[in-house]
Amino acid sequence: MSPFTTTNCIIFLTAATIAVASADRVFLSATSSSFVPPAAPTIVSSSSEGPTATIDARHIAVATGYGTFQTNNNNAISPTTTLWAKKKAKKAAGGATKVQVKLLKDIPGTGQRGEVINVTPAFFQNKLRPTKSAEVVSDEEVEKEQAAKKAEEDATRAAATAVQEKIKDMTLKVTRKAGPDGQLFGGVGAKCIIEELQQQISDEFLNGKGVKIEAITDEGGKKMKHDIKHVGEFGASIKLLKDVKAKFTVSVLGSDE
């Protein structure tokens with residue numbers, strides 16, 4: 001007789017079903033006790049202004065690299081790392097480098113001949129140096145040149161003041177051929193007065209280019225627009241330096257010769 005009778009088959013299936021059901025209960029029990037729920041997403045902004053504010057906050061967080069960068073009032077991003085700061089400082093220091101030069105020519109928009117200015121190395125190398133318009137000078141050279149210039153200016157002022165003292169309030173006599181009515185044959189102008197001063201005072205300073213007669217006045221003190229045309233006494237003003245001047249009298253005498 002076969003061992004697999006109908007009754008035996010039913011008993012076997014029933015036992016298998018019970019075993020499977022028991023295994024499922026054990027699995028579900030183990031799973032529920034060890035299950036870790038997924039972490040809830042972190043909200044960057046807890047503002048109650050609505051979804052738009054939250055989205056904007058997330059965008060800023062991503063754009064700034066979660067704290068690697070910072071934004072200014074205009075939402076412009078700038079790195080906050082130490083390395084970036086060092087590079088930025090180094091670049092700024094390099095960009096501010098200047099060279100001190102003395103201009104050898106007048107350069108429109110830059111300066112005049114003799115001026116000491118600071119320019120960028122590129123401007124000096126590309127424009128000033130090739131055209132021999134400037135030369136690099138040190139602080140020591142500038143100080144030495146300024147000292148020499150001041151000494152020269154002091155000497156010039158001293159010479160001008162000495163001439164001023166000689167001319168001030170003097171009466172310069174000029175003789176010219178004149179008719180019976182005192183009308184001169186020719187005139188006495190600024191050039192003639194300077195020449196007479198040079199002859200009578202004999203000072204080299206009067207040969208300087210900056211020395212000139214500023215005004216000639218008639219007997220009534222009115223400024224004349226032309227040369228002296230007749231005999232008489234007239235006033236004159238001479239400029240020796242910009243701020244060193246002298247007034248004197250010009251006495252024009254007539255002669256038959």
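Helix H5 is followed by Asp169, whose phi angle is positive, near 65 degrees, and a comparable topic arises just after helix H6, where Ser202 takes a positive phi of about 55 degrees. These values come from a predicted model. The points below take up the two helices, then the cores, a sheet and the salt bridges.

**Helices H5 and H6**

- The 29 residues of H5 should span 42 Å at 1.5 Å a residue, and this agrees with the model, because the end C-alpha atoms of the helix are 42 Å apart.
- The buried residues of H5 are Val142, Ala160, Val163, Gln164 and Ile167, and what covers them includes E3, E4, H6, E10 and E11.
- Helix H6, which runs through residues 190-201, has 12 residues and reaches 16 Å from its first C-alpha to its last, close to the 16 Å expected at 1.5 Å a residue.
- In H6 the buried residues are Cys192, Ile193, Ile194, Glu196, Leu197 and Ile201, and they pack against helix H5 as well as strands E6, E7, E8, E10 and E11.

**Nonpolar cores**

- The largest nonpolar core has 30 residues, and of these Ile167, Leu197, Ile238 and Phe248 touch the most other members.
- At least two residues of this core are supplied by each of H5, E6, E7, H6, E8, E10 and E11.
- Leaving aside neighbours within four places in sequence, Ile238 is in contact with a list of residues that includes Ile167, Ile194, Leu197, Val211, Ile213, Val244 and Phe248.
- There is also a second, separate core of 8 residues, and among them are Val101, Leu103, Ile117 and Phe124.

**A buried serine in strand E11**

- Ser251 lies in strand E11, and it counts as buried because its relative accessibility is 8%, which falls under the 20% cut-off.
- Once neighbours within four places in sequence are left aside, Ser251 is in contact with Thr171, Leu172, Lys173, Val174, Gly232 and Glu233.

**The three-stranded sheet**

- An open sheet of 3 strands has the order E4-E3-E5, and its pairing is antiparallel.
- Strands E4 (116-119) and E5 (134-136) stand at the edges with a single partner strand each, so one side of each is left without a neighbour in the sheet.
- From one strand to the next, the twist averages 40 degrees.
- Strand E3, made of residues 99-103, pairs with E4 in the antiparallel sense over 4 bridges, and the bridge partner of Lys102 in E4 is Val116.

**Salt bridges**

- The count of salt bridges in the model comes to 7, and one of them joins the side chains of Glu145 and Lys102, with an N to O distance of 2.8 Å.
- Because Glu145 lies in helix H5 and Lys102 in strand E3, this pair ties together parts that are 43 residues apart in sequence.
- The two partners are not alike in exposure, since Glu145 is partly exposed, with a relative accessible area of 36%, whereas Lys102 counts as buried at 17% relative accessibility.
- Asp203 forms a salt bridge with Lys166, and the closest N and O atoms of this pair are 3.4 Å apart.
- Asp203 lies in the loop between H6 and E8 while Lys166 lies in helix H5, so this pair ties together parts that are 37 residues apart in sequence.
- Glu214 and Lys245 also meet through their side chains in a salt bridge, at 3.4 Å from N to O, and the pair links distant parts of the chain, with Glu214 in strand E8 and Lys245 in strand E11, 31 residues apart.
- Glu214 is partly exposed, with a relative accessible area of 32%, and Lys245 counts as partly exposed at 39% relative accessibility.

How values were computed. Residues numbered from 1 in each chain as written. Predicted model: local features only at pLDDT ≥ 70, side-chain atom pairs only at ≥ 80, totals over all residues. Heavy atoms only, no water. Expected span 1.5 Å × (residues − 1). Buried < 20%, exposed > 50% of the residue type's maximum accessible area, 1.4 Å probe, protein only. Contact = heavy atoms within 4.5 Å. Core = buried A, V, L, I, M, F, W, Y, C linked by side-chain atoms within 4.5 Å. Pairing = 2+ DSSP bridges. Axes fitted to C-alpha atoms, helices over the stretch in contact; angles between N-to-C directions. Salt bridge = Lys/Arg side-chain N within 4 Å of Asp/Glu carboxyl O.
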